[in-house]
Amino acid sequence: MRTLTKLNQQAASDVGEDSATAREAQEGRIKGDGPLARDTVEAPPHQYVHPHAQAHESAIKHVTGRAAYIDDLKAPADTLHIALGLSKVAHGRLTRLDLARIRALPGVVDAVGVDDVPGHTDIGPVFPGDPIFVEEEISYAGQVLFAVAAESYRAAREAVKAAFDADMLTLEAQPPSLDPVAAAERGEFVRPTHVQQRGDWEKALADAAHVIEGEQFVGGQEHFYLEGQACLVTPTEDEGVVVHTSNQHPSETQKLVAEVLGIALHAVTVEVRRMGGGFGGKETQASPWACIAALFCRRTGRAVRVRLPRSEDMRATGKRHPFHNRYRLGVDDTGVIQGGELTVIGDCGYSPDLSDAIVDRAMFHSDNAYSLGAARVTGHRARTHTASNTAFRGFGGPQGMMVIEAALDDIARRLGEDPLTVRKRNLYRKGHQTTRRDITHYGQPVDQTDLLHTLVEQLEASSDYWARREEIAAFNAQSGVIKKGLALTPVKFGISFTAKHLNQAGALLHVYTDGSVMINHGGTEMGQGLHTKITQVVARELGLDLSAVRISATRTDKVPNTSPTAASSGADLNGQAARDASVKLKARLFDFAADHYSADTDDMRLEDGYLIAGYGESEQRIPWGELVQAAYFGRVSLSEKGFYATPLIHYDRTVGQGNPFYYYAFGAAVSEVSVDTLSGEYQVTRVDILHDVGDSLNPAIDIGQVEGGFIQGMGWLTSEELKWNDAGQLLSTGPATYKIPTFGDLPPVFNVALMEGHPNSMASIYRSKAVGEPPFMLAISVWSALRDALASLADYRESPRLDTPATPERVLMAAEALRHPQEAP
């Protein structure tokens, strides 16, 4: 080790040689006030490291800046740059657009509107309603009116500004519809209302000892991915295009680009190496920009680049759906729900997009982890003059769960019980055939109910819930201003696309003659570690070190007709497809080896870079590279495709019953907060999480997903507030006006653990469970803890209404309403 400074000598005991050397190199340079990094890959000798806990396959590239995102890609010198003309009115008409004058502006090469589209002008992903450009009717502020391609990005943006300033277009404004509840009452929907029902809910309400009712507003959320919407489109010699895009659904973008251009799908290749975040915001709403860029590419024969500024990105794209929820539930004297009705109204924006499935999932998850008894759940899809809201981590599930969690808090306050006690009484459980409380309101049995109870009980014990509850009650009794709150909330989240046909995946596996392996699959990498897990699957099946397996960019000309990377299904679907390819290739190699090495296939296995045949004295060990070389000279194919389709799932929408999910993932979180009831300011002081991932594919990545999902969910429920003015213009268009959680918002005590020893009961990839979306809803515990702290102002006899995001202003208003109930509206 090199000679260290005094500081590094003191630190040498807890870091390795490389880290100590790096610290010495940084001495004397300006640094932030954060701690210097410790080693993260190798644990101390005494500490157990899970064999599948591997670093992200691009981790080093991320931190060194070598990971290429769309704006990092080299492009031809004559590449055109695009700027968009976005509507400044939320509802109205485009009565005039002078594209000829716009094309004559300095630096402009081309400008297009709806009349310049040779193919389809509607690019709705599932249902029609999403025009690529406004034809006449304007449906939201931020809708694309026209696009400009220029020699430079600055010239393109200046041309758009000049078009508005010099009156090259005319907009006629009309009053916008911005209230989804009013829209629902008027019957203004983007899709028909849907109902799920089980049992006689009206009788359950009539016979109940207590009827609890209430309503809530659940705010939306901006995706705020670090890499905004971006793409680079280049022409091909056969009049096709190659689209490099930050995109969760390459196959859908391929289809829409082909339809807009009026060409065959095989003429369009879409490539995605990685995204700088997606969270659902690039599932459907990355396609319009690719379509516009491809249109310019075909018209000019030049490469075209699109990158939306943050403010335009936020105005032009949809968000998480805001929801208005209502509930009326009948409960017995112990607080157990007997039945009732729930209504959820999703604010879908101006068009269907994915809202049908999103509101469906909100309905599916309006029970969360609790039996509703005899219940009816109704879901409305309201149309408003805002950007079409879209997929976001949880896909409606979090908004649906909020309604039942609010109700359980209210039940507990009405009966004078601790909310955790009431929650535990209502958890799904095995019961008698006549009183089954393990079947959802949409008819699916809940498997692993024992695991749900075990998980909650383990977290209850490990977090010292009851001891802390006593301490908090004593603190609140003597503290007049600062009030503490505590809440434990569970999560039950269904895993599968609710559109059955999307539950399929493909993979393409190549083994080269030096023994190295390349895997490609239909999933996309948005930082969540999907590619890492897929390479681990292939390495595991072929008995190789992870370094021997590499993954390539997701491309539509390698694996066609892929599903979006969404619904937490990326590893489940693509992992099984990659495993299928690996197993088939392995079987082919075993058959070859049986003849070539005179061995029995029943005794063959791939381990540690060797083909091992037989046992004991008769064992043969053939190096992997030698096996591959021999197979090549034996003219054995070293390439294989894999495919997987999720079994056993079905849902009959005509009756609102079925098994839409392959399995459920569970989790629970305990959050503690401290609230200043005179200002509404608060802190999340401690969080304990126990999450179920089955037999984890990669615990290191899974824990990161749990932590990140929780913090993102906490932001949704507390600080991330979307604001529009009365004219329907978005006011929160950047980090100055839209507040995502920061480092300082992390709870000082943040304990995260994965549930061990409980493999998935269904035949998922190595009995693992999905981990992308379920942890997001663990953050509901923060919102419930805020309500708990506020309830202390009324001696825990009343549960305050606290809409989300629970900003300090909303918390303060809720506190004032409890202090002065007679003044409440």
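**Domain 1 and domain 3**

I took the centres of domain 1 and domain 3 over C-alpha atoms and got a separation of 39 Å. I then looked up the contact between them: domain 1 gives 18 residues and domain 3 gives 18 residues. I note here that the model is predicted.

**Domain bounds**

I read the bounds from the domain assignment. Domain 1 is made of 70-176 and 223-316, domain 2 of 453-495 and 662-825, and domain 3 of 504-645.

**UniProt feature**

I checked the UniProt record next. The unreviewed entry puts the feature "domain: Aldehyde oxidase/xanthine dehydrogenase a/b hammerhead" at residues 64-175. For residues 64-175 I find 17% helix and 29% strand. The C-alpha atoms at the two ends of this stretch are 50 Å apart.

**Whole chain**

I counted secondary structure over the chain and have 21 helices and 29 strands. For the extent, I took the box of the C-alpha atoms along the principal axes, which is roughly 85 × 80 × 70 Å.

I compared the radius of gyration with the globule rule. A compact globule of 825 residues would have a value near 28 Å, and the chain has 28 Å, so the two agree.

I looked at burial as well: 59% of the 825 residues count as buried. The accessible surface of the chain is about 33,100 Å², and carbon and sulfur atoms hold 51% of that surface.

For contacts, I kept those with a separation of 6 or more. Of these, 78% are between residues 24 or more positions apart.

**Largest nonpolar core**

I listed the members of the largest nonpolar core and have 145 residues. The members that touch the most others are V517, I519, W624, L627 and F710. I asked which element supplies the largest share of this core. Helix α17, residues 570-596, does, with 11 residues. The core also takes at least three residues from domain 2 (453-495 + 662-825) and at least three from domain 3 (504-645).

**Second core**

I found another core apart from the largest one, with 37 residues. I noted I82, F133, V270 and F296 among its members.

**F710**

I picked F710 for a closer look, as one of the residues in the largest core that touch the most other members. Which residues does F710 contact once its neighbours within four places in sequence are left aside? I have A669, S671, V687, I689 and F750, then P775, L778, A779, S781 and V782.

How values were computed
Residues numbered from 1 in each chain as written. Predicted model: local features only at pLDDT ≥ 70, side-chain atom pairs only at ≥ 80, totals over all residues. Heavy atoms only, no water. Core = buried A, V, L, I, M, F, W, Y, C linked by side-chain atoms within 4.5 Å. Buried < 20%, exposed > 50% of the residue type's maximum accessible area, 1.4 Å probe, protein only. Helix = DSSP H or I, 4+ residues; strand = E, 2+ residues; numbered from the N terminus. Domains from an automatic or database assignment. Contact = heavy atoms within 4.5 Å. Rg over C-alpha atoms; globule rule 2.2 N^0.38 Å. Areas by Shrake-Rupley, 256 points an atom, 1.4 Å probe, with all protein chains shown as cover. UniProt positions renumbered as here; feature names shortened; annotations may be inferred.
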